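User: Could you take a close look at one part of this model for me? I'd like the aromatic rings first, and then whatever sits around them.

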Amino acid sequence: MSKEARDRMLEVIDRQEPRFRELSASSGNAVDFAQECLFAKQQILKNGFALETAARNQGSLQAAILNVSAIGISLNPALQHAYLVPRDGAIHLDISYRGLVKIATEAGAIKWAKAELAYANDTFKWRGSAEPPLHTADVFGAERGDIVGGYVLARLPDGDHMVEIMTIA
């Protein structure tokens, strides 16, 4: 892609500033445009396919950038909350599980959440979706085997737990 085309995509991001700030103010999200603009440019420029997708569908890039502000999530790579992902001919704002946990904790829906992996040689006993599983592992000792699944344990505001499990398949 030519330098001029890259520069046009960076300008598309820059032009979102007024609407970005408006959405941030109206939603009560303290998202800094200058920082998010930098992170967005980094994500788009590091991936040629993303840059080409953004060039073909500028509206999707605009919407993804504005959604960062409206949702109150960050593209900061150190936080790993969200990413600009080229898919199906468009740029999408994909929110990671870390971003979803941030949103849920800030909304007061959960106190905290933790994702864990279960391995073939671990001891794992499922106790239902409202009880933490009994999961023991020798994390510093013997080979744990292949990953067989994972789960997320969340603490609700009333102190109860919520558990979701997923097999490796």
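Are F20 and F33 buried or exposed?

Analyst: Buried, both F20 and F33. Bear in mind that this is a predicted model, so read what follows with that in mind, as side-chain atom pairs count only at pLDDT 80 or more.

Let's start with the rings. There are two aromatic pairs in the structure. F20 and F33 make up one of them, and the geometry is edge-to-face, with 5.1 Å centre to centre and 70° between the planes. F20 belongs to helix α2 (residues 17–27) and F33 to helix α3 (residues 33–45), so this pair ties together parts that are 13 residues apart in sequence.

The other pair is F124 with Y151. Here the ring centres are 5.5 Å apart and the planes sit at 50°, so this one is tilted. It links distant parts of the chain too: F124 is in strand β4 (residues 123–125) and Y151 in strand β6 (residues 147–155), 27 residues apart. The two partners don't share a burial class: F124 has 33% relative accessibility and counts as partly exposed, while Y151, at 10%, counts as buried.

Back to F20, as its helix has another partner. α2 packs with helix α5 (residues 58–71) at an angle of about 20°, their axes 7 Å apart. An angle under 35 degrees counts as roughly parallel, so that is how α2 runs relative to α5. The crossing of α2 past α5 is right-handed. On the α2 side the contact involves R19, F20, L23, S24 and S27, and on the α5 side I65, L66, V68, S69 and A70. Sorted by class, that contact comes to six nonpolar, three polar and one charged residues. So F20 turns up twice: in the edge-to-face pair with F33 and in the contact of α2 with α5.

Now over to strand β6, the home of Y151. G150 lies in β6 as well, and with 19% relative accessibility it counts as buried, the cut-off being under 20%. Leaving out residues up to four places away in sequence, G150 touches E116, L117, A118, E164, I165 and M166. Take L117 from that list: G150 and L117 are 33 residues apart in sequence, yet 4.2 Å apart in space, C-alpha to C-alpha.

Conventions: Residues are numbered from 1 along each chain as its sequence is written. Side-chain values use heavy atoms; hydrogens and water are left out. Rings of Phe, Tyr and Trp (its six-membered ring) pair if their centres lie within 6.5 Å; planes under 30 degrees apart count as stacked, over 60 as edge-to-face and the rest as tilted. Helices (H or I, at least four residues) and strands (E, at least two) are DSSP runs, numbered from the N terminus. Buried means under 20% relative accessible area, exposed over 50%, partly exposed in between (1.4 Å probe, protein chains only). Axes are lines fitted to C-alpha atoms, for helices over the stretch in contact, and angles run from 0 to 180 degrees between N-to-C directions. Angles under 35 degrees count as roughly parallel, over 145 as roughly antiparallel, 65 to 115 as roughly perpendicular and the rest as oblique. A crossing is left-handed if the near helix is turned anticlockwise from the far one by less than a right angle, and right-handed if clockwise. Contact means heavy atoms within 4.5 Å. Ala, Val, Leu, Ile, Met, Phe, Trp, Tyr, Cys and Pro count as nonpolar, Asp, Glu, Lys and Arg as charged, and the others, Gly among them, as polar.
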